[in-house]
Amino acid sequence: MTDNNKDLNEMLKIKREKLAELKQEGRDPHEIVNFKDRTPAGKIKDNFEEYDGKSARIAGRIIAKRGHGNMSFMDIQDESGKIQIVNRKNVIGDEFKQVKKYDIGDIVGIEGNVFKTNQGEISIETQTPQLLTKSLQMLPEKWHGLKDPDLRYRQRYLDLIVNPEVKEVFYLRSQIISEIRKFLDGRGFMEVETPILNTIAGGATARPFITHHNTLDIDMYLRIANELYLKRLIVGGFDKVYEMGRMFRNEGMDATHNPEYTAMELYQAYADYEDMMEITEHMIETVATNVLGKTTIEYDGQQIELKAPWARIPMIDAIKNETGIDFNEIASYEDAVAIAKEKGVEVKETRGEIISEFFEEFVEETLIQPTFVIDYPVEISPLAKRKNDDKSLTYRFEAFINGKEVANAFSELNDAADQRERFEAQVAKREKGDDEAQMMDYDFVNALEVGLPPTGGLGIGIDRVIMLLTGQHSIRDVLLFPTMKPIGAENQKIQPSLDDEE
């Protein structure tokens, strides 16, 4: 064992010995059940004149301590920030011995008088100290902090303590989600809840997570989308519904993908995808205004204007603008294959899928300003209504900002026979080994036969919107607990635990 590990184990041993002594003395901090009437540190510092010379109660974690002799200092951090605590032996008497035993990481409650030091630092002079929780671990070293992203995500609790600025992202996340709900509620949408455990993985093209229900003895799927349930509610007579919650897709992980993520889907009867565009652009504009106080954000050095109206362009026109290739002139599958081979684009089974590949290869990353890409091929849009003037395309859009998709919407397919045929085509692809293709959902076809009115549907990737509005470049930085691959327990800890002392 290295000297550093020996020293660390010795420090951890001392912490445990201190706790044992406290218990023997009848001072077990874990028997304390509350510390009421607290004042946040930030409130005291922001309103010093109001608190100057008055008694206040504050509780938080010790993140620094210093001093010697009959006087010591501690920095206490609570949710609102940190404040200096001044401990004097001639003020707190015998309790000063106990305060000297406090360690960095301990959680304490302090009652004392607010004042400002000669150096101008707002502080609290301790009158009554109380140890509320004894920390048995070592916080990451102050100056180097916790920088390793992998460790930050695995032990988010330490990340939030040592890097308190991280909290701001999650405050903003909460506000953004709240504003989205306010926007939709204000437009008469009703929030609903649909099943997370499904017997059919439907509503999207994605690989599901599979689990097993023991009592029913059937395999079930964590939902990949809530679309088909929400449209059943429109069939049932609700005109405007939405749901925001976790979706689960057993797919790759990168800067914009996590296996579980937050999405919002809404459906409006007697509306179409044009209405969904209006909702999308005004929702994000309103949220940015209410949360950030502006509609212009800077991301990757680019100034992005979120104010409506956003640009609109058909997918085939966008491809032509970037490559000079016009798929309006390439009508046959054989010609589409030829041009794909010429340009080094993956050859797919249909012309529509090849068009989609060209878009992803040459166009997506160029869409920096908010843009609605419309008129998607029917082969990649199994739930969207065909266009009246071109049956090979659909009334569908995806919204892109900074080269990333943030929303997907349709004029919903309500032709039951057409829907059944598209499901069958998806099943055929699945039988050929495409485990992302959709399954047949006979009950949903039955619902369409009962009658779905003309309907607009919209799905928004909430995490990606939050990334944009908070300036983050990885989805893991906007998820409190992103999915991580387990590692050995001996490697998972930043420092040894009880079992590692020997």
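Four exercises with worked solutions follow, on a predicted model.

Residues are numbered from 1 along each chain as its sequence is written. Local features need pLDDT of at least 70, side-chain atom pairs count only at pLDDT 80 or more, totals for chains, interfaces and linings use all residues, and side-chain values use heavy atoms, with hydrogens and water left out.

**Exercise 1. The barrel**

Task: Trace the strand order of the closed barrel, then follow the pairing around β2.

Solution:
- Start with the terms. Strands (E, at least two residues) and helices (H or I, at least four) are DSSP runs, numbered from the N terminus. Two strands pair if DSSP finds at least two bridges between them.
- Read off the order. Five strands close the barrel as β1-β2-β3-β5-β4, and the pairing is mixed. On average, neighbouring strands of this sheet are turned by 55 degrees against each other, direction ignored. Axes here are lines fitted to C-alpha atoms, for helices over the stretch in contact; angles otherwise run from 0 to 180 degrees between N-to-C directions.
- Take the β1 side. Strand β1 (residues 55–68) runs antiparallel to β2 (residues 71–78), with seven bridges. K65 is bridged to M74 in β2, and R66 to F73. The β1-β2 hairpin has two residues between its strands, and G69 in the turn has a positive phi of about 65 degrees.
- Take the β3 side. Eight bridges link β2 to the antiparallel strand β3 (residues 81–88). S72 faces N87 in β3. Two residues make the hairpin connection from β2 to β3.
- Check the cover. In β2, six of eight residues are buried, meaning under 20% relative accessible area; over 50% is exposed, and in between is partly exposed (1.4 Å probe, protein chains only).

**Exercise 2. The open sheet**

Task: Find which strands stand at the edges of the eight-stranded open sheet, and which helices pack on the sheet.

Solution:
- Lay out the order: β6-β10-β11-β18-β17-β16-β15-β14, with mixed pairing. The edges are β6 (190–191) and β14 (311–314); each has a single partner strand, so one side of each lacks a neighbour in the sheet.
- Inspect one pair. β16 (residues 393–401) and β17 (residues 404–411) are antiparallel, with six bridges. F397 has A409 in β17 as its bridge partner.
- Add the helices. α9 (residues 227–236) packs on the sheet and touches β10 (240–248), β11 (260–269), β17 and β18 (455–461), with contact meaning heavy atoms within 4.5 Å. Its direction makes about 25 degrees with that of β11. α16 also packs on the sheet, touching β10, β11, β16, β17 and β18, and makes about 55 degrees with the direction of β18.

**Exercise 3. R464**

Task: Decide whether R464 is buried or exposed, and list what R464 touches.

Solution:
- Place the residue. R464 lies in helix α16 (residues 462–470).
- Apply the cut-off. R464 has 17% relative accessibility, so R464 counts as buried.
- List the contacts. Leaving out residues up to four places away in sequence, R464 touches T256, H257, E405 and V406.
- Look for a polar atom pair. A polar side-chain atom of R464 lies 3.5 Å from the backbone oxygen of T256.
- Compare sequence and space. A255 is 209 residues from R464 in sequence, yet their C-alpha atoms are 9.9 Å apart.

**Exercise 4. One side of α11**

Task: Identify the buried residues of α11 and what covers them.

Solution:
- List them. In α11 (residues 315–323), M315, I316, A318 and I319 are buried.
- Test the arc, taken from the directions from the helix axis to the C-beta atoms. These residues span only 160 degrees around the axis, so they sit on the same side of α11.
- Name the cover. It includes β14, α13 (351–362), β15 (371–377) and β16.
- Finish at the end. Just after α11, G324 has a positive phi of about 80 degrees.

Key:
A polar contact is a pair of N or O atoms within 3.5 Å; within protein, one must be able to donate a hydrogen and the other to accept it, and residues adjacent in sequence count only if both atoms are side-chain atoms.
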